[in-house]
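Reader: I would like to learn how to read a protein model one feature at a time. Could you take me through this one slowly, giving the general idea before each case?

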Amino acid sequence: VLSAVLVLLGLAKNSALQDMPRRKYGVVAEVWQAFEGTFFCGVHAHEFVELVDSLKLPLNLTLRQDKEGGLDKWTVDNLMRGELVAVTFASVKNRRTKHWALCVGCEGSMTGRDSRTDTILLLDPSGSEPSFNVANSRLCVPQTGPGSRGGKAAAELHKSRGAKPIDWLYEGPEWAAEPMRLTAAVRFRLADWP
């Protein structure tokens, strides 16, 4: 996820990231040194923010967690402003599936000036390359059932801070569709160099 952010914000070259473990100098080498210990075990959101902050990159990160309430709305609001947001989500069924992905946009419908977002577009690092697409997976408000797009779940995105969490339906080519809930989000903003 961080590699995608670095490339999208022009802080690293894709070719350098492909050879990350062999790099000895520069941003890519520093990223590998900071995150090497998390490669096979993963990283929690607060640890992720601490590791990125330790790199002294020109990035301002803001962390929001599900305990604070309104995480779904906060994520969508930042995406609507054109910002990149990394999210962690967990399976609603068993809570064993926990995963990171980078949110790159959202979809929905417009009625007059009123927009109703119902889909978050993702770059999922476990997915295949999104050839000729902006994303390789997505989180959608389900089409039918209690959390359907016309029901309460879609309306929760437009409530204030105390909104209930949404059970998103993860859709991607590598996994079977599964209900997920956002657990944390990290917003990235470019900062001025010192």
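Reader: To begin with the cysteines, how many disulfides does a search of the whole structure find?

Author: The general idea is that a disulfide is a covalent bond between the sulfur atoms of two cysteines. This is a predicted model, and a search of the whole structure finds 0 disulfides in it.

Reader: Is Cys41 buried or exposed, and is Cys140 buried or exposed?

Author: Cys41 counts as exposed because its relative accessibility is 64%, and the cut-off for that word is over 50%. Cys140, with a relative accessible area of 1%, is buried, since buried means under 20%.

Reader: Which helices and strands should I look for along the chain, and in what pattern do they follow one another?

Author: The protein chain has 6 helices and 7 strands, and reading along the sequence gives the pattern α-α-α-α-β-α-β-β-β-β-α-β-β. Of the contacts between residues at least 6 apart in sequence, 56% join residues at least 24 apart.

Reader: What share of the residues is buried, and which residues have the most contacts inside the largest nonpolar core?

Author: In soluble globular proteins, nonpolar side chains tend to be buried together. Here, buried residues make up 42% of the 194 residues in the protein chain. The largest nonpolar core has 28 residues, and Leu2, Phe48, Leu61, Val186 and Phe188 are those with the most contacts inside it. At least two residues of this core come from each of α1, α2, α3, α4, β1, β2, β3 and β7. A second, separate core has 19 residues, including Val76, Val85, Ile166 and Tyr170.

Reader: If I choose Leu61 from the largest core, which residues is it in contact with, leaving aside neighbours within four places in sequence?

Author: With those neighbours left aside, Leu61 is in contact with Phe48, Val49, Val52 and Asp53, and also with Val186, Arg187 and Phe188.

Reader: How should I read a single helix such as α5, and which of its residues are buried?

Author: An α-helix has 3.6 residues a turn, so residues three or four places apart point the same way. Helix α5, which spans residues 71-80, is mostly covered, with 7 of its 10 residues buried. Those buried residues are Leu71, Asp72, Trp74, Thr75, Val76, Asn78 and Leu79, and what covers them includes the strands β1, β2, β3, β4, β6 and β7. After α5 comes Gly82, whose phi is positive, near 85 degrees.

Reader: What should I notice about Lys98, and which residues does it touch beyond those up to four places away in sequence?

Author: Lys98 is found in strand β3, and it counts as exposed because its relative accessibility is 62%. Beyond those sequence neighbours, Lys98 touches Phe89 and Ala90. Lys98 and Thr183 are 85 residues apart in sequence, while their C-alpha atoms are 9.0 Å apart in space.

Reader: Finally, what is the volume of the largest pocket, and which residues lie nearest its centre?

Author: The largest pocket has a volume of about 1700 Å³. Its lining is made of 49 residues, of which Val1, Leu2, Phe48, Trp100 and Pro125 lie nearest the centre. Two or more lining residues come from each of α1, α2, α3, α4, β2, β3 and β7, and α1 gives the most, with 5 residues. Sorted by class, the lining of this pocket has 25 nonpolar, 16 polar and 8 charged residues.

Notes. Residues numbered from 1 in each chain as written. Predicted model: local features only at pLDDT ≥ 70, side-chain atom pairs only at ≥ 80, totals over all residues. Heavy atoms only, no water. 1 Å grid on protein atoms, 1.4 Å probe; cavity = no way out; pocket = protein on both sides within 12 Å on 5 of 7 lines; lining within 4 Å. Points joined across faces, edges and corners; volume = space filled by probe spheres on them. Helix = DSSP H or I, 4+ residues; strand = E, 2+ residues; numbered from the N terminus. Nonpolar A, V, L, I, M, F, W, Y, C, P; charged D, E, K, R; others polar. Disulfide = S-S within 2.5 Å. Buried < 20%, exposed > 50% of the residue type's maximum accessible area, 1.4 Å probe, protein only. Core = buried A, V, L, I, M, F, W, Y, C linked by side-chain atoms within 4.5 Å. Contact = heavy atoms within 4.5 Å.
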